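Here's a quick tour of a protein–DNA model, written with a computational chemist in mind. Have the viewer open as you read.

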Protein chains: 2
Amino acid sequence: MTKNEGVHRTVTMRDVAREAGVSVSTVSHVVNNTGARIGQEARERVRRAIDKLGYRPNALAKNLVTGSSRFLGLVADAIASTPFAGQIIHGAQEEAWRHGYVLLVANTDGNEAAEASAISMMLEHKVRGILYSTWYHREVKLPAALAGSDTVLVNCYSPQGEVPAVVPDEVNGGHDATRMLLSEGHRRVAFLNTRALSPAREGRLRGYRRALEDFGLVFDPAKVVDVQPDQEGGYAAVGEILALGATAVFCHNDRVAMGLYDGLRDRGLRVPDDLSVVGFDNQEVIAAHLQPPLSTVALPHDELGRHGVRVLLGIEEAEQTGRLEVNCPPVPRRSIVAATRR
Amino acid sequence: MTKNEGVHRTVTMRDVAREAGVSVSTVSHVVNNTGARIGQEARERVRRAIDKLGYRPNALAKNLVTGSSRFLGLVADAIASTPFAGQIIHGAQEEAWRHGYVLLVANTDGNEAAEASAISMMLEHKVRGILYSTWYHREVKLPAALAGSDTVLVNCYSPQGEVPAVVPDEVNGGHDATRMLLSEGHRRVAFLNTRALSPAREGRLRGYRRALEDFGLVFDPAKVVDVQPDQEGGYAAVGEILALGATAVFCHNDRVAMGLYDGLRDRGLRVPDDLSVVGFDNQEVIAAHLQPPLSTVALPHDELGRHGVRVLLGIEEAEQTGRLEVNCPPVPRRSIVAATRR
DNA sequence: GTGAAAGCGCTAACAA
DNA sequence: TTGTTAGCGCTTTCAC
């Protein structure tokens, strides 16, 4: 029956102050635990008033007066098709969280208009900065709308490196993948690379070659065959791989490996006995559940997100190149077996 | 050299007003396109001042004064492992967008503490409402922190239906999946269901039975075999399925179907010639790229997200049951073939 | 120790 | 048609 009835008026600091018989500034001090010396007694009264009234600070008002918001924006080009963007969001959100920030996300589906309006909406909400991410590692041209705002690129980079970027270390990933095979004694190691020009293609190839060198092997261009980077590509390449006499194959990604598995099965061949294989990406649904489970190298999407917010918040620096390369950890499973002398 | 140099002071409405030689309220009117009749001339001057100064409205201040924020919160239990949560976010974000809202997302990894603090953070940011979502369809107990806030459940529901929920229509999905097989003339249709108790298990089974009825077939419990709901489960069940003499199988999900494919291949059998199969979920990476591509029924995650915000914003009503069931559309591909008389 | 008061950037009466 | 003014909920000097 009091005036608190009816319209669910929101409880403000003033209400708390009145209830506790103190001033708003006192309430503010206890709520924010500022150093201010507030008497035990008053402090208690405020606490009780807060509980009683169910007061909840208004972050928006706070942001307004302090001038600094606790928002971080994340714009993604495709959050729905793969779990990749999800992992980036996941990592970014957790790290943002740890620093008291909340994540505003927008999906653009690669649409420039959507992108521009997403960015401007974020800017209007005074985000502290924006993470611009793509679902596969690539070069992007920076949306004009981003100019002037604090930005970091995640899983992509700009041509000139004007803006800090956090990307996977493809070279090392390719190197480790190949080494998993080499260190088991394989010497005829084929590489089913993607035919799509991309940092992944170039980087992994460099890693492959480097690993070969490490083991004193000479690079044989004939052993790398370019395919469409999915199941169909892997499936179609079985014949060629077999003709190469390879005992092991490094696949550009897990999907290619999956296609390869299928093709091999159709010929009555077995992984890893007839062929050892290693993938890339560590796409859980696939890699962990193939028969046998696929050894692969993980694309560290959540780490990308995490590092992204760290450099955005200035906790971490991108190299002088403007690019921070995050390690792709190998995840060994059961698709590799020691080479038999033949 | 002007005072605009140095610290990047943010341009406010007052600055624009001063530059344009009008009052802030005039600026406000033109910025917001309120009905107010502002002279062409003043309007123009304001426009120019805005461009010149690079003014950008401060949404936070606006929210503060109008009392209504344009935020929607989305808390998810697992945004990284599957594309499912991503699709929910995607749909929710797009729909929110359309209505001028931005999405605040938080991942909780099922951790209650994280959940509570996520929710309270959102509430402090005065979100208009919260979407609470899970990555697989299930019953949830409502986090206490949600009490009092506008909430809608997405892909989950509360026991008593106290809170509106948007969920997939499992029964119809199961029905349609089965019908895809039946309408091709199959009469011995097995069902590889999950053994995990869940609305998906019960619903799809009901749908399966209903479809059988529609075709005047009697339900044979022996034809439904419960398996672990992933590749391993499907793989392990091949023998049993074959023993059943089934000519077609409805798999609880695409992953089970994938396992089934593998098992069949190992025995030199072929989909769909030896067995027609239909999955559920429409997990793109799998379904679209199996050999042959898998006919399945889609789990409409982005629709769930979309409807979620619609009921949150009051644009749409959940049924009187408090549950809005979203249709799961069949997506035919090439894993089904007409039954041959044998 | 605590409070008064100014003001963050904006909207919305109300005046003019 | 345009300007004045009073806040929105909060932080933060600066007095007392």
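What follows covers the ground rules, the two chains, the DNA surface, one helix and one serine.

## Ground rules

This is a predicted model, so to speak of local features takes pLDDT of at least 70 and side-chain atom pairs count only at pLDDT 80 or more, while totals for chains, interfaces and linings use all residues. Residues are numbered from 1 along each chain as its sequence is written, chains are lettered from A and ligands numbered from 1 in the order written, and side-chain values use heavy atoms, with hydrogens and water left out.

## How the chains relate

Chain A lands on chain B after a rotation of 180° with 0.1 Å of shift along the axis, at an RMSD of 0.1 Å (least squares on the C-alpha atoms of residues with pLDDT of at least 70 in both copies). That is how a two-fold axis relates its copies. Both copies use the same surface: 100% of the contact residues of chain A recur in chain B (contact means heavy atoms within 4.5 Å).

## The surface at DNA strand C

There are 24 residues around DNA strand C, and A:Thr26, A:Gly39, B:Met13, B:Ser28 and B:Tyr55 come nearest (near means a heavy atom within 4 Å). Sugar and phosphate make up 78% of the strand's atoms that come within 4 Å of the protein. By type, the residues split into ten nonpolar, eleven polar and three charged (nonpolar is Ala, Val, Leu, Ile, Met, Phe, Trp, Tyr, Cys and Pro; charged is Asp, Glu, Lys and Arg; the others, Gly among them, are polar). Helix 4 of chain B gives the most, with four residues (helices are DSSP runs of H or I, at least four residues, and strands are runs of E, at least two, numbered from the N terminus).

Phosphate oxygens of the strand sit 2.6 Å from a polar side-chain atom of A:Thr26, 2.9 Å from a polar backbone atom of A:Ser23 and 3.0 Å from a side-chain N or O atom of B:Asn32.

## Helix 5 of chain A

In helix 5 of chain A, 13 of the 16 residues are buried, so the rest of the structure largely encloses it (buried means under 20% relative accessible area, with a 1.4 Å probe and protein chains only). At its N-terminal end, A:Thr82 acts as a cap, with a side-chain oxygen 3.2 Å from the backbone nitrogen of A:Phe84. After the helix comes A:Gly100, with a positive phi near 80°.

## A buried serine

B:Ser335 lies in the segment after strand 12 (330-331) of chain B. Its relative accessibility is 0%, so B:Ser335 counts as buried. A polar atom of its side chain is 2.8 Å from the backbone nitrogen of B:Ser295.

Conventions
Polar contact = N/O pair within 3.5 Å; in protein donor to acceptor, adjacent residues only side chain to side chain. Buried < 20%, exposed > 50% of the residue type's maximum accessible area, 1.4 Å probe, protein only.
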